[in-house]
Amino acid sequence: MSQYLQGQTAIVTGGMRGIGLAIAQRLHTAGAQVVIWDLAVDGWNSVENGFEPVLRQAVDVSSLASVEAAFAETLARLGQVQILVNNAGINGPVVASWEYPPEAWDKVIAIDLNGVFYCCRTAIPHMRERGYGRIVNIASMAGKDGVQYISAYSAAKAGVIAFTKAAAKELAQDGVLLNCVAPAMVETPLMAEMTAEHIAASKAKIPMGRFLKAEEIANMVSWIAGPECSFTTGFVFDLSGGRATY
Ligand SMILES: NC(=O)c1ccc[n+]([C@@H]2O[C@H](COP(=O)([O-])OP(=O)(O)OC[C@H]3O[C@@H](n4cnc5c(N)ncnc54)[C@H](O)[C@@H]3O)[C@@H](O)[C@H]2O)c1
Ligand SMILES: CC(C)C1=CC=C(C(=O)O)[C@@H](O)[C@H]1O
């Protein structure tokens, strides 16, 4: 495997499991030293996971103070960060929008949207100063389509897409590229928050007739996070098995 990320540091939020873990593993394979930010970072199994992150930090992405403290520590320990993958996210309840509990709405927006903003806000000045950076935000097909009964999640992911496009334009001449991926459904622990009907309905929308694999997201993200992605910014890369046509 080519070591095209050799010498680079990559932060992956929510990297302890699921899609974030697959992305962390793939970036490591490409030569990056990987920093994992997650709510709880104990219990890492380097044999099972195939590598040891250079740093694991307990971070709540919905807290700007937590993000700023973790980034300062990352810089103090490693000196530089080239890649940020904003992956941490939650689903929230599956319920009609007019019955959606406001506290649950606030929590989904705080983690899925504000968390992306806080991490970008914190990392971008460092990347701008160095004239290089790659930010990949994990959105969702739900952010493009709007999916019934997960209105907060859909709104947060649509917000991530719009934020990425706006910030990408601001940074287009600074060497700092921001892009999103919009995956369809993957079998991860996040699914435990969803009903069986909702999961079946999501699968039925995928022309390829199967769920996406976390490794397929990781492969795409590792290219977007690398130097070969050099003329694309503010874009949404779909992983939809044929569901998204534009
Ligand atoms: N699973 C899917 O079908 C799917 C599809 C499209 C997009 N996504 C997105 O991919 C991302 C990862 O999803 P997943 O399925 O791997 O979920 P997951 O629940 O398996 O993993 C999410 C990780 O994020 C961490 N996390 C949650 N809140 C956090 C916070 N406040 N601060 C820091 N870390 C936090 C969790 O501890 C966990 O390790 C999410 O943004 C999700 O919306 C998932
Ligand atoms: C909530 C999460 C697991 C989710 C909901 C809807 C999707 C969809 O494709 O419509 C999924 O991609 C996923 O983000």
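Let me start at one atom pair: a polar side-chain atom of Tyr-153 lies 2.6 Å from an oxygen atom of ligand 2. I should say at once that what we are looking at is a predicted model, and every distance I quote today is computed from that model.

Staying with ligand 2, there are two further polar contacts to point out, and they come from different parts of the residues concerned: a polar side-chain atom of Arg-243 lies 2.8 Å from an oxygen atom of the ligand, while for Pro-183 a polar backbone atom is 3.0 Å from an oxygen atom of ligand 2. Taken on its own, ligand 2 has 350 Å² of accessible area, and the protein covers 96% of it. Around ligand 2 there are 13 residues, of which Ser-140, Tyr-153, Pro-183, Ala-184 and Arg-243 come nearest, and by class this shell divides into ten nonpolar residues, two polar and one charged.

Now to ligand 1, where I would again begin with the contacts. A polar side-chain atom of Asp-38 lies 2.6 Å from an oxygen atom of ligand 1, a polar backbone atom of Ile-19 is 2.8 Å from an oxygen atom of ligand 1, and a backbone N or O atom of Val-59 lies 3.4 Å from a nitrogen atom of ligand 1. The accessible area of ligand 1 on its own is 830 Å², of which the protein covers 94%. The elements that give two or more residues to the shell around ligand 1 are α1 and α6. That shell holds 25 residues, with Arg-17, Asp-38, Asn-87, Tyr-153 and Thr-188 coming nearest, and it divides into 15 nonpolar, six polar and four charged residues. Please note Tyr-153, which is named among the nearest residues to ligand 1 and also among the nearest to ligand 2.

Where, then, does ligand 1 sit? The space it takes is the largest pocket, and the space taken by ligand 2 is the largest pocket as well.

Let me close with that pocket itself, which holds about 890 Å³ of space. Its lining is made up of 45 residues, and those that lie nearest its centre are Asn-87, Gly-89, Ile-90, Thr-188 and Leu-190; of these, Asn-87 and Thr-188 have already appeared among the residues that come nearest to ligand 1. Which elements each supply at least two residues of the lining? They are the strand β2, at 33–38, and the helices α1 (18–29), α4 (102–130), α5 (141–145), α6 (151–170) and α7 (196–204). As for the character of the lining, the residues divide into 25 nonpolar, eleven polar and nine charged.

Definitions and conventions: Residues numbered from 1 in each chain as written. Chains lettered and ligands numbered in written order. Predicted model: local features only at pLDDT ≥ 70, side-chain atom pairs only at ≥ 80, totals over all residues. Heavy atoms only, no water. 1 Å grid on protein atoms, 1.4 Å probe; cavity = no way out; pocket = protein on both sides within 12 Å on 5 of 7 lines; lining within 4 Å. Points joined across faces, edges and corners; volume = space filled by probe spheres on them. Helix = DSSP H or I, 4+ residues; strand = E, 2+ residues; numbered from the N terminus. Nonpolar A, V, L, I, M, F, W, Y, C, P; charged D, E, K, R; others polar. Near = heavy atom within 4 Å. Polar contact = N/O pair within 3.5 Å; in protein donor to acceptor, adjacent residues only side chain to side chain. Areas by Shrake-Rupley, 256 points an atom, 1.4 Å probe, with all protein chains shown as cover. Sits in = over half its atoms within 2 Å of the grid points.
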